[in-house]
Each structure stands twice: as structure tokens, then as C-alpha cells.
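Biologist: Please take one part of this model and examine it closely for a first-year student. How are its pieces arranged?

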Amino acid sequence: MKLSVNGKSHSLDVEPEMPLLWALRDELNIKGPKFGCGVAQCGACTVLLNGEPVRSCSYPVSVAAGQKVVTIEGLADKGKLHAVQQAWIDHQVPQCGYCQGGQMLAAVALLKKKPKPTDEDIDAAMTNICRCGTYARIRTAIHAVAKKGARA
Amino acid sequence: MSHPDKLQPTDAAMDRRHFLKVSGTTSAGMSLGFFLPEKGQAAEAAGVTPQLNVWVEIEANNTIVIRYARAEMGQGSLTSAPMIIAEELEADWKTVRVEYATAHENLRTKRAYGDMASVGSRTIRNSQEYLRKAGATCRDMLVTAAAQKWNVPASECKASLSKVTHAASKRSLTYGQLAADAAKLEAPKTVQLKDPKDWTLIGKPIPRVDIPDIVVGARQYGIDTQLPGMLHAAVAACPVFNGKVKTMDASKVENRRGIVKVLNMGDFVAVVADNWWRAKEALREVSVDWDVGEHGTLSSAAIMAHFKAGMEQPELAVARNDGNTSEALAKAAKVVEADYFTPYLAHATMEPMVCTAWLQGDKLDVWSSSQNPEATLSVSAANAGVPQANVKVHPVQLGGGLGRKSPQDFTKQAVLIAKAMAGKPVKMLWTREEEIQHGLYRPASLMRFKAGLNASGKVEALHIRVSAPSILATLLKLPLPKGIDGQAVASFNDHPYDIPNTLVDYAQRNTNVPVGFWRSVGHSQNPFGRECFIDELALAAGKDPVAFRLDMLPNDEKSKRDRGILQAVTKAAGWGSTLPAGVFRGVAETEGYGSWTACVCEVSVNAKNEVKIHRVVIGIDPGYAVNPDNIVAQFQGSVVHGLTAIFWGENTIKEGRVEQSNFHDYRMMRLNEMPKVEVVIAPSGGFWGGVGEPAQAPLAPALVNAISAAMGKRIRSLPLKNHGLTLKA
């Protein structure tokens with residue numbers, strides 16, 4: 001099957017039920033999406049599928065085939081950081097950083113739908129778990145991107 | 001993050017000869033770097049010219065490489081420890097690049113980098129002195145090199161922003177230009193450290209050096225290790241702790257796609273495959289008959305009975321005994337008694353246990369998400385059966401540590417698998433279920449408090465009895481001095497209050513549930529009991545909880561910081577001001593990891609038992625606040641970590657095993673539940689305290705005191721879900 005990741009097409013010969021996460025990590029060596037729970041609870045494995053956040057640990061690779069997958073590695077545009085990435089630096093959001101790729105992709109998807117999200121919008125969209133507890137700064141950073149009127 | 005201080009190796013490891021013992025050559029000739037001859041002792045005996053030290057290397061282009069010798073797991077020390085060196089070095093932070101020191105280099109240099117463990121919130125407080133001296137030594141040599149070049153007194157030269165300047169002659173040279181000459185100089189025997197008032201980096205909010213890589217997904221965590229021909233292993237240990245494999249039948253999966261080997265490792269089984277998902281899926285269908293031994297019937301109820309029996313046991317270890325507590329209790333006008341309980345807790349680091357090992361002949365390479373690279377090295381060598389000198393431990397970022405990644409049980413497993421698969425690199429990764437069910441749990445603990453007040457409400461006697469497992473005796477197999485595990489009685493044996501008769505005693509009650517260091521360890525649970533009970537006493541005395549505490553704090557030098565942080569935080573919180581109807585405050589004051597902390601929570605509890613946290617004001621006096629924005633981050637995050645434990649955190653035991661298995665039944669707090677948190681940083685100077693763990697201590701008691709006030713009913717055990725309470729988003 002063919003899988004498009006970060007604008008690049010890959011050929012894969014794997015079981016159709018293999019989770020997208022493990023096709024990315026162990027077959028294509030794309031390590032941005034992380035393993036946290038394996039049951040779509042934590043969101044550390046979040047990638048964008050046609051712009052929508054999905055939990056790749058529980059998403060069969062065959063369903064993603066032929067569609068556009070974006071991982072955290074593919075978020076910057078030719079070396080220019082996405083506004084969300086820049087805000088994550090400006091507000092020093094990450095601590096251990098393990099869940100942050102997923103957090104940032106969830107934020108990107110939210111801002112695309114709602115360029116000026118309310119706190120309630122953020123509450124509803126940002127459901128990924130962070131054990132370091134960076135939630136306060138995630139909220140601040142998302143509002144900061146919205147304020148700047150960043151590209152979505 | 002969480003070893004007790006007494007395990008700290010002595011600073012002898014950092015003695016001066018290690019600073020200075022170096023060879024006479026540097027590779028590029030422009031490096032202040034350090035190169036130890038293979039035969040270090042011989043070289044020293046032969047009188048090789050000492051140069052600069054292991055921590056700093058200056059490249060010809062004026063890039064300053066500063067080494068970091070511990071782990072980074074989110075606590076921010078990868079930035080704040082090098083800041084301390086850069087401060088004394090007078091380095092221009094913009095040109096600093098931080099690199100990891102390695103455990104194998106530390107072994108080779110006879111511990112030139114000292115202790116490498118990131119535990120006990122001690123990276124800054126235990127290494128600041130030798131890091132400052134290292135920076136100052138380099139600065140001194142660079143200044144001397146410049147002075148000699150210009151033939152002027154060193155006292156007329158000034159180092160600043162990676163340059164040495166001679167103002168009178170308006171000359172200056174960059175560190176890059178001076179490095180080669182400085183490297184030839186003898187290191188000074190003594191150095192002058194900067195006056196804190198002259199600091200330009202320490203105390204400033206410096207962005208963390210690892211964040212730029214994190215935001216583009218380029219930071220390499222243990223789980224991201226990738227090697228040519230690497231295999232993947234999924235593992236399962238006996239669900240009942242310490243059980244063994246009786247029989248294993250892997251016939252169902254052995255011929256499956258990608259499965260390379262199924263291993264019976266005695267106390268765990270491993271499936272090795274070409275993709276971790278294939279290994280994990282196959283593992284579910286490996287049929288294992290476990291020998292669970294005698295512990296297959298253990299339950300939470302049996303453990304509670306075991307703790308309760310500890311309360312009544314005749315022989316107890318005495319941790320503190322001031323005055324005559326039993327006599328004072330007998331004479332008291334009023335006696336208050338209460339039992340408090342805190343449960344077992346798994347760590348649930350976002351990155352589960354992971355370690356890659358590669359045994360080639362008698363050489364071993366290891367990439368472990370470890371808080372203690374030196375322990376990783378020694379455990380790896382021992383289990384692979386190779387000399388320590390043949391092991392390389394490659395630094396990786398940790399996806400959280402929380403104390404779980406200090407013990408090396410998982411490294412041992414990975415190395416044993418690599419040995420069975422010799423020649424091939426194998427990455428072993430635990431499932432979340434394995435992580436929650438094979439934790440080294442924060443010990444459950446039963447605490448009994450009994451206090452006597454006189455007629456005017458003054459506390460004359462306090463007896464605290466703890467019945468709980470010992471981490472030191474069971475995990476580390478250490479002998480306990482006088483039978484006391486300092487973590488089990490932490491914040492009791494050193495409570496700051498002026499109570500003339502204090503007795504703290506301890507019943508060591510171990511079970512088959514393995515226990516370990518969970519972020520803030522004893523301070524994650526004992527302050528909950530202590531500071532809630534103090535509130536009970538304030539209520540019994542009819543006094544305001546803050547005034548009651550201030551009255552009990554002695555007016556001495558030692559209590560100045562308790563008093564200071566309590567006053568700073570209660571002032572920021574507006575303690576005593578009128579609150580909206582239905583909103584209640586709670587307070588707590590604690591000390592631990594060399595810092596002083598206090599917290600005020602404002603809550604309301606509605607008829608459905610939903611707790612709304614309106615505000616958390618939490619503060620710290622860490623002495624010197626090295627990177628204040630990082631301290632704010634640690635405290636904001638600690639509140640989340642703490643609230644998760646306070647509301648939902650509990651591992652229960654049934655039939656010898658942990659009942660919880662993943663985030664659906666071991667619940668984590670999410671963003672929508674995050675309350676408003678205000679962090680007060682009140683550094684009083686003169687000491688260096690930890691910041692990664694202390695915030696856990698005052699949060700639970702402050703919150704539960706507020707909830708108890710709101711409900712008019714005392715809560716004495718965690719988690720709050722067991723009292724029917726939920727957190728209102």
C-alpha cells in the first residue's frame with residue numbers, strides 16, 4: 001500500500017491492521033509520533049490525517065493509505081516553524097516534551113477550525129494527556145497564536 | 001527524581017585532582033577540553049601538565065561547549081546546570097552549546113563528573129558548588145592567558161560575554177582566541193566565586209535548550225533509538241509480583257510474520273520481532289503458566305489489615321522522641337486522634353520503560369531511558385557479563401521519569417534479551433499495562449496522629465505513628481539505621497513546630513507489592529497527614545489555621561523560612577479576605593528537598609459532591625532561584641501531577657496483582673480540568689534548594705483542608721474519588 005507522510009509517498013508491505021503508529025515508527029523510521037497507551041487514551045501518538053487529528057496507535061494503516069498524513073516532523077514549512085511551534089517556544093510549553101508533538105498537532109487542527117478559540121473550545125479539543133502538566137502553558141500558547149492571527 | 005539524600009555518594013568523587021588531571025595534548029589545539037590518558041594514575045604520577053576541566057570546551061569559533069552530566073526528563077536541569085557554569089565562566093549564553101557527559105566517560109575518568117543521577121531534586125543543589133568552581137576555574141585561566149599575552153597584571157583584565165578585555169589598553173580577545181593558550185596553563189588552586197549580586201544569568205528566565213528540538217520532533221528519546229538491523233521486544237512479567245514462568249508455549253506465534261524469537265527469561269517472557277507491534281500482538285498469544293508462589297491471594301484488604309496490625313505491634317522504631325509524649329498526652333486538656341491513609345501509586349511516565357541494548361562480542365552499547373546512567377552502566381555490565389569498561393551508555397532524553405526510571409529493572413531485562421540475541425541490537429519497550437502493573441509503587445501508608453492540647457489550645461504533645469513499607473529496605477536492600485526509613489517518616493521526624501513533646505515511631509510493614517521512589521516520595525504523602533491534622537488541631541483550638549501555624553513556628557533562624565514562605569503565600573492568596581459564599585480556603589506549609597513551600601487552595605463543593613478549584617496559590621523559597629521560569633513551570637506541572645493523585649490515584653491489589661491496567665482505569669488529569677494556578681517564587685538567598693519535587697508536598701493538604709472546610713466534614717484518605725468527590729472542570 002502507499003502512504004503519504006509529510007508530503008512524501010512511501011510504499012509499505014505490512015498487515016492492513018497494523019496501527020498507523022507502528023508503520024510510521026518501525027517501518028518508516030518516523031519517530032515524532034510517540035507510544036503512550038496503545039488504546040487511544042493519551043494522544044501521544046497523534047498525527048494529522050487530512051488535517052484531522054487521529055490517534056495513530058489505534059488507527060489501522062490500511063485506512064490511512066492514500067490519504068495525507070502529517071506528523072510533527074512535517075509541521076514546519078521548509079524550515080519555517082508553524083505558528084504553533086513558535087508559540088510553544090515563546091511560552092516554553094514543553095517539559096519532558098514526549099507528548100508535545102501530539103499536543104501541537106491537536107492545537108493546529110483546532111486553530112484551523114477555530115482561529116479564535118474560546119477556553120471552552122480549547123477544553124473540548126485538547127484532550128491529550130501530559131504527565132508533566134503543561135496544560136496552563138498549552139492554553140496560553142494557543143491563545144497567543146490566535147491573537148497573532150496565524151496561518152492555520 | 002527521588003532518592004533520599006542519604007544515598008548521595010560523597011563529594012569526594014569531585015575532588016580537585018579530577019578537575020585538573022588531564023593530558024598535555026588537545027586534539028584541535030584550540031580546545032580547553034579534557035582528555036584523560038588511558039592510564040590516568042600513571043599520567044598523574046608522571047606529572048603531566050594539568051589543563052582545564054571536564055565541563056567546558058571552547059571551540060576556535062568561540063562556541064562554548066558546556067557538559068551536562070545528569071538526565072533530562074522535563075525538570076529543566078539540562079539548561080539550569082550549564083547556566084551555573086556559564087555564570088562563573090562569564091560565557092556569552094548565546095554561544096553556549098550544551099552536550100551530555102556520558103557514564104562511560106565518567107567511569108573512565110574515575111567519576112570526574114561526580115554523581116550522574118537525576119533523583120531527589122538534587123541536580124542543582126548538590127552540584128552547584130563544583131559547577132561554579134569549574135566555571136570560575138576556566139574563567140581564571142582565560143584571564144591569565146590574556147594577561148600573559150598582553151604582559152599586564154591579570155587583575156587589570158576583565159572577563160565578560162566570552163571575551164577578556166584590558167580596559168586601559170583597550171584590547172580584547174575572545175575565549176576562542178585564548179583557548180589554546182589557556183589550556184596550557186596550570187589550573188588555579190583556589191578560585192573566587194562571584195557574589196550573587198553580580199550574577200547575570202542565574203535568576204534570569206532562560207529558555208530551555210532542548211525545546212527547539214522538541215517542537216520539531218527532533219529530540220531523541222529512549223524510545224526513538226534506531227540502529228541498523230534493530231529488533232524489537234515486547235515483554236510480560238508474572239502478573240503476581242515475583243512470580244516465575246512455570247511453562248511457556250509459543251507454538252502459536254513462532255511462525256508468524258516478523259517473529260524472530262520467543263524467549264523464556266525465567267521471571268518474564270519476551271517476544272522479539274522486526275516491529276514492536278508484531279511482538280506485542282504475538283505476546284498476547286504466548287501461553288504462559290505462571291508459578292505465582294505464595295502471594296497469589298494478596299489483596300488491598302489484607303494489606304490494610306497488615307498495616308493496622310503494625311499500629312499495634314509491640315516493637316516500633318523510634319524516629320524522634322522529644323520530651324515525654326505519653327505523659328504529656330495523659331495530662332492534656334484535650335486529645336485529638338485521627339488515622340490518615342494514602343494508597344499505592346504507579347508512576348505512569350508518558351514514555352513507558354524502554355531500553356535498547358546491543359551486545360557485540362564482549363562490547364555492549366546501551367540506550368536506556370534512565371535517570372541514573374551510572375547505574376545503567378553497572379547493571380548492564382553485570383547482566384551481560386562484560387567488564388564495565390566495555391559498556392557504553394548513550395544519553396537519551398526521557399519521556400518523563402518521576403522516580404520510576406532510577407531503578408534499573410527494565411535495563412536489566414533489555415540487556416538479558418540482548419544477550420540472548422547477541423550480535424543484534426534489540427529495543428525493549430513495555431506496554432502501558434506492563435508499566436502500571438509492574439511499577440515500583442509509591443508505598444501505601446497508614447499514619448496515626450494523636451495530639452494533646454492544653455486549656456488555652458496550645459499543642460503540648462504530638463505522637464505520629466507510621467505503618468508502611470520501606471523503600472530503602474526492600475528496593476535498595478539497605479540496612480535501616482535504628483529501624484527507620486527516612487522516607488516513611490519524612491516531614492514527621494523533622495516537623496518544624498514548637499511542640500515540646502513529640503514522638504514519631506515506625507512499624508516497617510513490607511508486602512509483596514514492590515515499592516519505589518515516586519516524585520517527592522515521602523513528601524508526596526506524609527505532609528497530607530501532617531498538615532491536615534494540624535488543621536484539625538487548629539479547629540479544636542478554635543484558631544485560624546494560618547495564625548495557629550505561625551504561633552507554633554519558633555522564632556529562630558531555622559524557622560525563618562517556614563514562616564517566610566507561609567507569609568508570602570498567604571499574603572499572595574489574600575488569606576483572611578472575604579470569599580464569595582460557598583468558597584472555602586485551605587492552607588499548608590511544608591519543607592523538603594532543601595526548599596520551603598506553602599500552598600493556599602480556594603474551593604467550593606456542590607450538592608453533587610463536585611469540587612470546583614477556584615484558585616491554587618503555591619509558593620517556594622528555593623534559596624536561589626536559578627531559572628525562575630522553569631520553577632514556575634515545575635510548579636504548574638506539579639499541581640497537575642498532584643491533583644491526578646489526589647482525585648484518582650490509587651493502585652489496588654486483588655489476587656496478588658494490580659487491578660488497574662491503563663489510563664481508562666488509572667485516570668490522569670486533562671487540560672479541561674486545569675485550575676488557575678499562581679506561583680509565588682520567594683528566594684531568600686543563601687542556599688540552594690530543589691524545585692522538581694517540593695510542590696507536591698503542600699498541595700494535597702491545602703486542597704483537602706479547603707474541601708473539608710467546605711464540606712464541614714474531615715477527609716482523611718486519598719484518593720478523593722473514594723469519598724464520592726469529583727473534580728469539576
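Modeller: The following account concerns one sheet and the helices that pack on it.

The model is predicted, so local features require a pLDDT of at least 70 and side-chain atom pairs count only at pLDDT 80 or more, whereas totals for chains, interfaces and linings use all residues. Residues are numbered from 1 along each chain as its sequence is written, and chains are lettered from A and ligands numbered from 1 in the order in which they are written.

In chain B, three strands (DSSP runs of E, at least two residues, numbered from the N terminus) make up an open sheet with antiparallel pairing, in the order β4-β5-β6. Strands count as paired when DSSP finds at least two bridges between them. Strands β4 (157–160) and β6 (171–174) of chain B each have a single partner strand and stand at the edges, so one side of each lacks a neighbour in the sheet. On average, and with direction ignored, neighbouring strands here are turned by 20° against each other; axes are lines fitted to C-alpha atoms, for helices over the stretch in contact, and angles between N-to-C directions run from 0 to 180 degrees.

Strand β5 (residues 163–166) of chain B is joined to β6(B) by four bridges, and the two run antiparallel. Within this pairing, Thr174(B) of β6(B) is the residue opposite Lys163(B).

Two helices (DSSP runs of H or I, at least four residues) complete the picture. Helix α5 (residues 123–150) of chain B packs on the sheet and touches β4, β5 and β6 of chain B, a contact being two C-beta atoms, placed from the backbone, within 7 Å. The direction of helix α5(B) makes about 135° with that of β4(B). Helix α6 (residues 175–183) of chain B also packs on the sheet, where it touches β5 and β6 of chain B. The direction of helix α6(B) makes about 80° with that of β6(B).
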